[in-house]
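The following exercises are to be worked with the sequence and the coordinates at hand. Each task is followed by a solution in steps.

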Amino acid sequence: VLAGPADGPLVVFAHGSGSSRHSRRNRHVARVLNDHGLRTLLLDLLTPDEEQTDLVTARHRFDIELLGNRVENAIDWAVEHLNPPDVGLFGASTGAAAALMAAASRPEEVGAVVSRGGRPDLAGTTLPEVDAPTLLIVGGRDTTVLDLWDHAVRHHGDRPAVDFLGRVSTYAEVDERSTTVAANLRAKGLQPGDVVADLCDRRGADRRVDGHLVDGPAQRMAV
């Protein structure tokens, strides 16, 4: 489903398991993007037969290489037939990993990646190859992803978590800073569920990391 203005930037949707181009949530997001001057491309990453098999076996939803290749094919088609000035990817669920994999393999075409929840970790070894600016949106009630983060901090705290403008921060360092930010916000009267706006620039990793991970383990806050 291609929608929006006749020209301009294009956002390709990479949805995950149990979703499709007919998803009411995806179509709502697409309409909002259309209203702001962006074209959107919603497509099914699985064939009807694959979707039926996946409903029973869950085999294809975690085949990130397959899903990633389908997203890459969509990008190639769009570049050839639509010639957009910029291409962005919007991923959800396992589609988040597929979007990141496609961004790594199409660095000249993909200008940005946004992931709503999902499992970006499933992109595996291709993650370090992603050069496009990436926004990972995690809800305060997304306990699975939050648990994965806590596990990474406990067991891999000294490993690199963010490499931004030449500065590398470990999982433990990011966790400590995000917890500090969350505590400061609570001290100023904010409560869980309050909306927090973050304006950051390219002057340093601290600003970007602190804005991205307001959810610290000690003081959980939904952003």
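**Exercise 1. Determine whether Arg106 and Glu72 are buried or exposed, and trace the salt bridges of Arg106.**

Step 1. Both Arg106 and Glu72 are buried, where buried means under 20% relative accessible area, exposed means over 50%, and partly exposed lies in between (1.4 Å probe, protein chains only). For Arg106 the relative accessible area is 19%.

Step 2. The model is predicted: local features need pLDDT of at least 70, side-chain atom pairs count only at pLDDT 80 or more, and totals for chains, interfaces and linings use all residues. Residues are numbered from 1 along each chain as its sequence is written, and side-chain values use heavy atoms, with hydrogens and water left out.

Step 3. A salt bridge is a side-chain nitrogen of Lys or Arg within 4 Å of a carboxyl oxygen of Asp or Glu. Arg106 and Glu72 form such a bridge, at 4.0 Å from N to O. Arg106 lies in the loop between helix 4 and strand 5 and Glu72 in helix 3, so this pair ties together parts that are 34 residues apart in sequence. Helices (H or I, at least four residues) and strands (E, at least two) are DSSP runs, numbered from the N terminus.

Step 4. Arg106 also forms a salt bridge with Asp76, with the closest N and O atoms 2.9 Å apart. Asp76 belongs to helix 3, and 30 residues separate the two partners. Asp76 is partly exposed, at 32% relative accessible area. Through shared partners, Glu72, Asp76 and Arg106 are joined into one network.

**Exercise 2. State how many salt bridges the rule yields, and describe the one formed by Glu50.**

Step 1. The count comes to three salt bridges.

Step 2. Glu50 is bridged to Arg70, and the closest N and O atoms are 3.0 Å apart. Since Glu50 lies in helix 2 (residues 48-57) and Arg70 in helix 3, the pair ties together parts that are 20 residues apart in sequence.

Step 3. Glu50 is buried at 16% relative accessible area, whereas Arg70 is partly exposed at 24%.

**Exercise 3. Identify the largest nonpolar core and the elements that build it.**

Step 1. A nonpolar core is a set of buried Ala, Val, Leu, Ile, Met, Phe, Trp, Tyr and Cys residues joined through side-chain atoms within 4.5 Å. The largest has 29 residues, and those with the most contacts inside it are Val12, Val71, Leu89, Val110 and Val113.

Step 2. Two or more residues each come from strand 2 (10-14), helix 3 (64-81), strand 4 (87-92), helix 4 (95-105) and strand 5 (110-116). Helix 4 gives the most, with eight residues.

Step 3. Helix 4 is largely enclosed by the rest of the structure, because 10 of its 11 residues are buried. Its buried residues pack against strand 2, helix 3, strand 4, strand 5 and strand 6 (134-137).

Step 4. Contact means heavy atoms within 4.5 Å. Neighbours within four places in sequence aside, Val110 is in contact with Ile75, Val87, Leu89, Ala102, Ala103 and Ala132.

Step 5. A second, separate core of five residues includes Val11, Ala30, Leu42 and Phe90.

**Exercise 4. Give the order of the strands in the sheet and locate its edges.**

Step 1. Two strands pair if DSSP finds at least two bridges between them. The open sheet has six strands in the order 1-3-2-4-5-6, with mixed pairing.

Step 2. Strand 1 (2-3) and strand 6 stand at the edges with a single partner strand each, so one side of each is left without a neighbour in the sheet.

Step 3. Strand 4 and strand 5 pair in the parallel sense over six bridges. Gly91 has Ser115 of strand 5 as its bridge partner.

**Exercise 5. Characterise the two aromatic pairs.**

Step 1. Rings of Phe, Tyr and Trp (its six-membered ring) pair if their centres lie within 6.5 Å; planes under 30 degrees apart count as stacked, over 60 as edge-to-face and the rest as tilted.

Step 2. Phe13 and Phe90 form a tilted pair, 5.1 Å centre to centre with 50° between the planes. Phe13 is in strand 2 and Phe90 in strand 4, 77 residues apart. Phe13 is buried at 1% relative accessibility, and Phe90 is buried at 12%.

Step 3. The ring centres of Trp149 and Tyr171 are 5.2 Å apart and the planes stand at 55°, so this pair is tilted. Trp149 lies in helix 5 (residues 143-156) and Tyr171 in helix 6 (residues 171-187). Trp149 counts as buried at 18% relative accessibility, but Tyr171 counts as partly exposed at 22%.
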